[in-house]
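Thank you all for coming; I would like to use these few minutes to walk through one model with you, and I will take the parts in turn. Please have the sequence and the structure open as I speak.

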Number of protein chains: 2
Amino acid sequence: MVDDEMPLGLCRGMVLSLDTVFAALADPTRRAILSMLLEDDMAVTDVAEPFEISLAAISKHLGLLASAGLISQEKRGRVRWCKLEPDALREASVWMQGFGQFEPVNLDAFERFLAAELVAPEAECD
Amino acid sequence: MVDDEMPLGLCRGMVLSLDTVFAALADPTRRAILSMLLEDDMAVTDVAEPFEISLAAISKHLGLLASAGLISQEKRGRVRWCKLEPDALREASVWMQGFGQFEPVNLDAFERFLAAELVAPEAECD
DNA sequence: GGCATATTCAACCAAATGGTTGACGATGAA
DNA sequence: TTCATCGTCAACCATTTGGTTGAATATGCC
């Protein structure tokens, strides 16, 4: 596809961050990691602790999140600290707003959502 | 992974819609299609017209968007009309806005440095 | 130095993804 | 009826993804 022919101003390089951000968010393990980092910064090992997959797999997930800009990582001593970077979501969020006249910026809705989808394993999750 | 041990209430089947919605949004062709449908409903052939990939590939993309709930498809005559369903974005949008809204608790100098350093170069997209 | 801990790397694997082509069913038009 | 159009299906292919394991690298501690 040639840029001139691309619909609605899409052009290569511009969409890369949307690609990577949305792809990063498409995985439930990575979303769970982001939720954990919402509480506090964490070391890689501690991030991995609740999951059953290998540490190497978690390390890959963290690398992907970092390359999408959703987290940052800083090595102090032998521990690599992972920190949420919520700003990276802004571009994607703005993109999504373009499609909706959803009620914008509703933190109540978010908290309800977290309650329902993230922090409530009791819901028939036998 | 056993559900009991899953962090933050993740359990299978529950997060499926976020998975599929974000995965659908992770592809630039599909986002372009959604942008086109923002203007008006379109037939599959017309959706495919600006792209260089095959009609079959576009058909697959549309099927994926439909299964994610982001569009609906209705066959009238021999034409299948595609229609944007922006409501499907609401859940994902709420999820993202929640993260974006959290004022970073511990935004220190290092992170600010990273943010400045890693900001994508302004893509001049006419 | 020697050992344990923290994390990544490299090689591999299975499954999913995004694309192709050609055949096919369904529909509208001549 | 015959033909062109609309769209999907099936089979295939290359690449990416998400996982594994085992080795390697860094760092902290005794």
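Let me begin with a question: how many residues surround DNA strand D, and which are the closest? Before I answer, please keep in mind that this is a predicted model. There are 22 residues around DNA strand D, and the closest are A:Ser54, A:Lys60 and A:His61 from one chain, with B:Thr45 and B:Ser59 from the other. Sorted by character, the residues of this surface comprise nine nonpolar, five polar and eight charged.

Turning to the elements behind that surface, at least two residues each come from α4 (55-67) of chain A and, in chain B, from α3 (44-48), α4 (55-67) and β3 (79-84). The most is given by α4(A), which supplies five residues.

On the side of the DNA, 67% of the atoms of strand D that lie within 4 Å of the protein belong to sugar or phosphate, while the rest belong to bases. Some individual contacts illustrate the sugar and phosphate part. The side chain of A:Arg30 places an N or O atom 3.1 Å from a phosphate oxygen of DNA strand D, and a polar backbone atom of B:Val44 is 3.3 Å from a phosphate oxygen of that strand. For A:Arg78, a polar backbone atom is 3.3 Å from a sugar or linking oxygen of DNA strand D.

Let me now move to the sheet of chain B. Three strands form an open sheet in the order β1-β3-β2, with antiparallel pairing. Because β1 (42-43) and β2 (71-76) stand at the edges of this sheet in chain B, each with a single partner strand, one side of each is left without a neighbour in the sheet. The antiparallel pairing of β1(B) with β3(B) runs over two bridges, and B:Met42 has B:Cys82 in β3(B) as its bridge partner. Helix α2 of chain B, residues 28-39, packs on the sheet and touches β1, β2 and β3 of chain B, its direction making about 90 degrees with that of β3(B). Helix α4(B), for its part, lies across β2 and β3 of chain B and runs at about 120 degrees to β2(B).

Finally, is B:Ile53 buried, partly exposed or exposed? This residue sits in the loop between α3 and α4 of chain B, and its relative accessibility is 37%, so B:Ile53 counts as partly exposed. Leaving aside residues up to four places away in sequence, B:Ile53 touches B:Thr29, B:Ile58 and B:His61. Of these contacts, B:Thr29 is 24 residues from B:Ile53 in sequence, with 9.7 Å between their C-alpha atoms.

Definitions and conventions
Residues numbered from 1 in each chain as written. Chains lettered and ligands numbered in written order. Predicted model: local features only at pLDDT ≥ 70, side-chain atom pairs only at ≥ 80, totals over all residues. Heavy atoms only, no water. Near = heavy atom within 4 Å. Polar contact = N/O pair within 3.5 Å; in protein donor to acceptor, adjacent residues only side chain to side chain. Helix = DSSP H or I, 4+ residues; strand = E, 2+ residues; numbered from the N terminus. Nonpolar A, V, L, I, M, F, W, Y, C, P; charged D, E, K, R; others polar. Pairing = 2+ DSSP bridges. Contact = heavy atoms within 4.5 Å. Axes fitted to C-alpha atoms, helices over the stretch in contact; angles between N-to-C directions. Buried < 20%, exposed > 50% of the residue type's maximum accessible area, 1.4 Å probe, protein only.
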